[in-house]
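User: Could you zoom in on the aromatic side chains for me? Once you're there, follow the charged side chains outward and tell me what they pair with.

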Amino acid sequence: MHALSPSPYKDVDQAFALAKERYAGLGVDVDRAIGRLAKVPISLHCWQGDDVGGFEDSGEDIGGGLAVTGNYPGRARTPDELRADLDLALSLIPGTHRLNLHASYAETGGRPVERDALEPAHFRRWIEWAKAKGMGMDFNPTYFAHPKAADGFTLAHPDDGIRKFWIDHGIACRRIGAAIGQALGSPCVTNVWIPDGMKDTPIDRKAPRQRLAAALDAMFAEPLDRRHNLDAVEGKLFGLGSESYVVGSHEFYLGYAVSRKKLVCLDAGHYHPTESLSDKISSVLTYLDEILLHVSRGVRWDSDHVVTLTDELESIAQELVRGDYLGRVHIGLDFFDASINRIAAWVVGTRCMLKALLMAMLEPTAELRRLEAEGNYTARLAMLEELKTLPFGAVWDHYCQVKDVPVGPAWLGKVKSYEAEVLSRRG
């Protein structure tokens with residue numbers, strides 16, 4: 001009989017003590033960093049769990065320039081299955097987080113309810129679920145996968161009737177967002193993204209944007225308590241079917257948000273590959289009180305890959321921490337990958353976002369700022385490079401341990417067991 005191998009995590013406390021000492025030598029208070037991280041919620045997106053399917057059963061393709069690739073078994077087919085999958089994912093992620101829900105995930109008791117007639121009651125079970133977990137929620141109107149969006153236009157549609165339908169959908173969703181925020185005691189960020197655009201070069205770029213601005217004004221006309229609902233608008237560079245022209249571009253929505261005092265949503269996949277989202281944060285927050293981030297990972301284009309610990313993710317986190325912006329930025333994830341276990345995708349992406357924030361919080365920011373102010377760029381560069389090999393992993397492992405979630409890759413075993421016992425039985 002072979003002796004049992006020792007646990008690879010038995011020395012977490014010892015490693016943490018050594019790491020804490022190393023960071024203290026640079027003037028970094030590790031316990032304070034951990035305390036700060038515990039207060040940052042990440043909004044997990046429901047659509048990773050079911051490939052952006054929703055529960056309307058309308059028979060419509062997803063559309064809107066969106067595409068989910070892969071056919072990994074175990075996709076959630078019902079709200080209860082999706083909530084169960086989220087329960088597991090959240091149990092493997094340290095901290096208390098949020099849920100980001102689309103309107104197409106309404107529970108209507110099997111009755112068809114048009115999107116312009118949705119009410120808070122259709123999301124009651126989602127609200128009850130979040131309340132039981134002590135979580136907040138965010139919300140999104142669904143401007144795709146619908147017959148009235150089939151031609152690629154919604155709020156900028158030239159047809160008055162279709163445009164009014166989508167305005168009314170937005171009004172309904174704002175009211176739902178406010179009800180969610182009031183019920184959960186935390187503001188709900190209700191984010192508007194539309195697919196409107198053209199595949200080839202348009203003659204008239206002006207009129208659709210004029211219609212969109214007027215439609216947004218009509219949709220936002222009803223004043224709502226900001227303690228319950230925060231309105232956000234999300235731009236994009238291009239999409240499938242709107243390669244040449246997107247009505248709601250970044251410049252359009254930035255101007256709209258500044259002039260109408262709304263949040264602008266910066267999505268990591270919605271810019272040219274050579275642009276950096278992290279560089280935009282301080283610029284936008286010079287003029288806006290708050291913003292929304294959708295953290296994704298593009299591979300050559302807006303491909304919504306699972307978030308990993310890339311240089312850009314680290315840069316986003318550094319900007320949030322160095323600029324002291326965490327109280328003004330709402331962080332959500334936005335990716336969908338059906339080629340791997342969907343629950344694992346949530347866990348990997350969220351844990352990486354938290355790791356990036358923790359790394360930024362473990363910087364000796366005051367010292368780095370001092371060196372920069374003195375013009376000592378040599379020391380600044382040297383310090384930044386030395387920080388890369390400090391024992392950050394030992395601090396992360398300690399944080400997971402004190403939050404009672406698996407340390408290191410041990411969480412993957414729980415996902416595989418759930419796959420064997422639950423996901424494999426789904427058709």
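Analyst: F220, F252, Y253 and Y256 come together as one aromatic cluster. This is a predicted model, so a local feature needs pLDDT of at least 70 and a side-chain atom pair 80 or more, while totals for chains, interfaces and linings use all residues. Numbering runs from 1 along each chain as its sequence is written, and side-chain values use heavy atoms, leaving out hydrogens and water.

One ring of that cluster also has a charge on it: K262 puts its charged end over the ring of F220, 4.5 Å from the centre (that takes Lys NZ or Arg CZ within 6 Å of the ring centre and within 35 degrees of the ring normal).

Overall, the structure holds eleven aromatic pairs (Phe, Tyr or six-membered Trp rings with centres within 6.5 Å; planes under 30 degrees apart are stacked, over 60 edge-to-face, the rest tilted). Among them is F252 with Y253, also from the cluster, and this pair is edge-to-face, with 5.3 Å between the centres and 80 degrees between the planes. F252 is buried at 16% relative accessibility, and Y253 is buried at 1% (buried is under 20% relative accessible area, exposed over 50%, partly exposed in between, with a 1.4 Å probe on protein chains only). W396 and Y399 make another pair, this one tilted, at 6.1 Å centre to centre and 45 degrees between the planes. They sit three residues apart in helix α13 (residues 392–402), about one helical turn (helices, H or I of at least four residues, and strands, E of at least two, are DSSP runs numbered from the N terminus). W396 is buried at 4% relative accessibility, and Y399 is buried too, at 1%.

Now for the charges. R83 lies over the face of W126, 4.6 Å from the ring centre. What does R125 pair with? R125 has a salt bridge to D80, with the closest N and O atoms 2.7 Å apart (a Lys or Arg side-chain nitrogen within 4 Å of an Asp or Glu carboxyl oxygen). R125 belongs to helix α4 (residues 124–132) and D80 to helix α3 (residues 79–91), so this contact ties together parts that are 45 residues apart in sequence. D80 is partly exposed at 42% relative accessibility, and R125 is partly exposed at 34%.

R125 has a second partner: its side chain also meets E107 in a salt bridge, 3.1 Å from N to O. E107 comes from the loop between β2 (98–102) and α4, so here the pair ties together parts that are 18 residues apart in sequence. E107 itself is buried, with a relative accessible area of 17%.

For a bridge inside one helix, look at K416 and E419, whose closest N and O atoms are 3.5 Å apart. They both lie in helix α14 (residues 411–421), three residues apart, which is about one turn. Here K416 is partly exposed at 42% relative accessibility, whereas E419 is buried at 15%.

Salt bridges can also join up, and R77, E81, D85 and R426 are linked in one such network. Across the whole structure there are 30 salt bridges, including the R125–D80 contact and the K416–E419 one.
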